[in-house]
Amino acid sequence: MRTTTMNDPRRYDVDWTDESNPQIVTAQPGDELAMTLTEAQQVIDDDRSAEH
């Protein structure tokens, strides 16, 4: 199996503390909502497009 930079094992979550400026943060161990960096960015993009 080849490893690539796209195969990032880290998991991320979106911090909505400041709803107008969500932040992608490293997920805590055991976080069931954890996602890939691409998925986290997509969540933010989808939220922003829904506002318009």
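Before we start, one definition: a residue is called buried under 20% relative accessible area, exposed over 50%, and partly exposed in between. Hello everyone, and keep that scale in mind, because Arg11, with a relative accessible area of 38%, falls in the partly exposed class. One more thing to say early: what you see above is a predicted model.

Let me begin with the overall picture. The protein chain has one helix and two strands. If you walk along the sequence, you meet them in the pattern β-β-α. The chain has 52 residues, and 17% of them are buried. Its accessible surface is about 4,500 Å², and carbon and sulfur atoms account for 50% of that. And what share of the contacts between residues at least 6 apart in sequence join residues at least 24 apart? In this chain, that share is 30%.

Now back to Arg11. You will find Arg11 in the segment before E1. Which residues does Arg11 touch, once we set aside those up to four places away in sequence? They are Val25, Thr26, Ala27, Ala34, Met35, Thr36 and Glu39. Leu37 is also worth a look: 26 residues separate Arg11 from Leu37 in sequence, yet their C-alpha atoms are 6.9 Å apart in space.

Next, let's step into strand E1 and stop at Asp13. Is Asp13 buried or exposed? Asp13 is buried, and even so it has no salt bridge. The nearest side chain of opposite charge belongs to Arg11, our starting residue, and it is 10 Å away. For a salt bridge, a side-chain nitrogen of Lys or Arg would have to be within 4 Å of a carboxyl oxygen of Asp or Glu. So who does keep Asp13 company? Leaving out neighbours within four places in sequence, Asp13 is in contact with Gln23, Ile24, Val25, Ala27, Asp31, Leu33 and Met35.

Glu32 gives us a second view of that region. Glu32 sits in the loop between E2 and H1, and it counts as exposed because its relative accessible area is 79%. From Glu32 to Asp13 the C-alpha distance is 9.7 Å, with their positions 19 residues apart in sequence.

Further along strand E1 we come to Asp15. Its relative accessibility is 30%, so Asp15 counts as partly exposed. Beyond its neighbours within four places in sequence, Asp15 is in contact with Pro22, Gln23 and Val25. Asp15 and Ala27 are 12 residues apart along the chain, and 9.7 Å separates their C-alpha atoms.

Asp15 also leads us to the surface. Which residues form the negative surface patch? The patch is made by Asp15, Asp18, Glu19 and Glu51. Let me pick out Glu19, which is found in the loop between strand E1, residues 12-15, and strand E2, residues 23-26. With 60% relative accessibility, Glu19 is over the mark for exposed and therefore counts as such.

Our last stop is the helix. Asp47 has its place in helix H1, residues 37-51. At 27% relative accessibility, Asp47 is classed as partly exposed. How far apart in space are Asp47 and Glu19, C-alpha to C-alpha? The distance is 10.0 Å, although the two are 28 residues apart in sequence.

To close, here are two residues to find on your own screens: Asp13, which is buried without a salt bridge, and Glu19, which is part of the negative surface patch. Thanks for listening!

Terms used. Residues are numbered from 1 along each chain as its sequence is written. This is a predicted model: local features need pLDDT of at least 70, side-chain atom pairs count only at pLDDT 80 or more; totals for chains, interfaces and linings use all residues. Side-chain values use heavy atoms; hydrogens and water are left out. Patches are made of residues with over 30% relative accessible area and no salt bridge: like charges are joined within 9 Å, nonpolar side chains (Val, Leu, Ile, Met, Phe, Trp, Tyr) within 5 Å. Accessible areas come from the Shrake-Rupley method with a 1.4 Å probe; for residues, only the protein chains shown count as cover. Lys and Arg count as positive and Asp and Glu as negative; His and the chain ends are not counted. The place of a charge is taken as NZ of Lys, CZ of Arg, CG of Asp or CD of Glu. Helices (H or I, at least four residues) and strands (E, at least two) are DSSP runs, numbered from the N terminus. Buried means under 20% relative accessible area, exposed over 50%, partly exposed in between (1.4 Å probe, protein chains only). Contact means heavy atoms within 4.5 Å.
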